[in-house]
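Colleague: Hey, have you got a minute to go through this one with me? I'd like to start with the holes inside.

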Amino acid sequence: MHFPTLVKSLIPGVLLSGLIAISSQFLSDHYGAPAMLMALLIGIALNFLSEDNRCGIGITFASKKILRFGVALLGVRISFEMASDLGWTIVLLVIGGVLATIAFGMLIAKSFGHGPRFAFLSAGSVAICGASAAMAISAILPRDDRTEERLVFTVVGVTLLSTVAMIAYPILAELLGFDARLTGVFIGASIHDVAQVVGAGFSVSDEVGEIATVVKLLRVSTLAPVILVAAIVIRRWAGGADASDRPAIIPGFVASFVLLVTLNSFGVIPQPVIALAVELSRWCLLTAVAAVGLRTNLRDVVDVGGAAMALLVLETAFLGCLTAGLLMLLS
């Protein structure tokens with residue numbers, strides 16, 4: 001297909017996904033609803049449009065290519081300096097929490113009737129950065145006929161749980177007697193999505209909000225190494241399968257993520273460019289979530305079942321309890 005023809009075929013689906021993203025952001029700005037969740041739900045409600053040949057190609061492009069571009073741009077928000085500012089004890093606590101939560105999810109998933117794909121998807125999204133991590137992890141997992149419904153269920157689940165945590169965790173931190181620093185670390189190390197971390201942190205105080213945001217971004221920085229290791233494991237597990245079914249050893253969007261983190265750490269990227277990239281990343285991810293919703297039949301999502309939600313709740317509780325326990329020991 002010639003380039004002009006390809007672009008023309010992508011426009012309807014990409015514009016539709018973008019329009020849903022704009023609508024969801026409007027609802028978030030005016031009514032406080034999580035933008036990611038709104039984009040997903042509106043997309044699911046308009047699922048019938050994905051069957052229109054004029055929209056299908058663009059929707060698929062948005063759910064895959066625009067998604068990976070948005071994840072890669074997350075790298076501009078992170079620098080090596082964050083680790084030194086927090087101290088190595090907190091860095092190890094955060095990284096340990098991520099790894100322990102993923103291991104916990106992988107270990108208990110079979111008891112809930114789910115295999116390693118959903119185990120890694122759910123535990124990785126809880127451990128790292130919610131919906132963004134779910135989409136990034138889904139992009140490297142071998143695809144099957146239930147890939148989309150597992151992804152949508154995970155995005156909805158972690159967003160809802162993150163919203164509940166945004167309200168409950170500041171109260172819990174006060175009950176546990178945490179000071180401002182420990183409260184910020186607790187919120188940043190245990191709530192899933194960046195937006196909810198910011199909301200919870202700054203609802204306590206500016207100091208708590210700033211600490212929570214830095215800790216959360218440190219968690220986001222673990223996305224690249226986790227996906228890199230997972231991609232290598234999946235390639236070996238796939239064995240002699242067709243090469244198209246296996247992820248690249250270093251997915252392009254992960255390499256771009258690492259490159260941007262490195263450039264930002266050395267101060268190469270001007271501040272206005274960082275601000276633009278952060279905003280562009282947010283809109284790309286919103287558009288991608290809308291596209292994922294458009295490709296999803298609600299009946300298929302419901303079929304994932306209550307056991308999957310129970311698994312997400314347990315993974316969330318595990319991360320929260322582990323983080324709180326370790327911080328109590330440190331204090």
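Colleague: By class, which residues does the lining of the largest cavity have?

Modeller: Keep in mind that this is a predicted model. The lining has three nonpolar, two polar and two charged residues.

Colleague: Which residues line the largest cavity?

Modeller: Arg117, Leu121, Ser138, Leu141, Pro142, Thr147 and Arg150. Helix 6 and helix 8 (147-175) each give at least two residues to that lining.

Colleague: How much space lies in the largest cavity?

Modeller: About 50 Å³.

Colleague: And how many cavities of 30 Å³ or more does the structure hold?

Modeller: Two. The second largest cavity has about 30 Å³ of space, and its lining is made up of Leu93, Val94, Gly97, Val98, Ala127, Ala189, Arg219, Leu319 and Thr323. Helix 5 (88-108) and helix 16 (306-330) are the elements that give two or more residues there.

Colleague: Which helix gives the largest share of that second lining?

Modeller: Helix 5, with four residues. Sorted by class, the lining of the second largest cavity comes out as six nonpolar, two polar and one charged.

Colleague: OK, new topic. Is Serine 125 buried or exposed?

Modeller: Serine 125 is buried, because its relative accessible area is 0%, and the cut-off for buried is under 20%. Serine 125 is part of helix 6 (residues 116-127).

Colleague: What does Serine 125 touch?

Modeller: Leaving out residues up to four places away in sequence, Serine 125 touches Gly130, Ala133, Ala134, Ile137, Thr154, Val158 and His192. Gly130, Ala133, Ala134 and Ile137 also turn up among the buried residues of helix 7.

Colleague: How many residues of helix 7 are buried?

Modeller: Eleven of the eleven in helix 7 (residues 130-140), so that helix is largely enclosed by the rest of the structure. Ser138, one of the buried residues of helix 7, is also in the lining of the largest cavity.

Colleague: Last thing: at what angle do helix 9 and helix 11 pack?

Modeller: At about 35°, with the axes of helix 9 (residues 180-190) and helix 11 (residues 206-221) 7 Å apart. Their crossing is right-handed. Among the residues making the contact are Val185, Ile187 and Ala189 of helix 9 and Ile211, Val215 and Arg219 of helix 11.

Colleague: How do the residues of that contact divide?

Modeller: Into eight nonpolar, four polar and four charged. Ala189 and Arg219 from that contact also line the second largest cavity.

Technical notes. Residues are numbered from 1 along each chain as its sequence is written. This is a predicted model: local features need pLDDT of at least 70, side-chain atom pairs count only at pLDDT 80 or more; totals for chains, interfaces and linings use all residues. Side-chain values use heavy atoms; hydrogens and water are left out. Axes are lines fitted to C-alpha atoms, for helices over the stretch in contact, and angles run from 0 to 180 degrees between N-to-C directions. A crossing is left-handed if the near helix is turned anticlockwise from the far one by less than a right angle, and right-handed if clockwise. Contact means heavy atoms within 4.5 Å. Ala, Val, Leu, Ile, Met, Phe, Trp, Tyr, Cys and Pro count as nonpolar, Asp, Glu, Lys and Arg as charged, and the others, Gly among them, as polar. Buried means under 20% relative accessible area, exposed over 50%, partly exposed in between (1.4 Å probe, protein chains only). On a 1 Å grid over the protein atoms alone, a cavity is a set of points where a 1.4 Å probe fits but cannot get out, and a pocket is an open set with protein on both sides within 12 Å along at least five of seven lines; lining residues have an atom within 4 Å of a point. Grid points are joined across faces, edges and corners, and a volume is the space filled by probe spheres set on the points.
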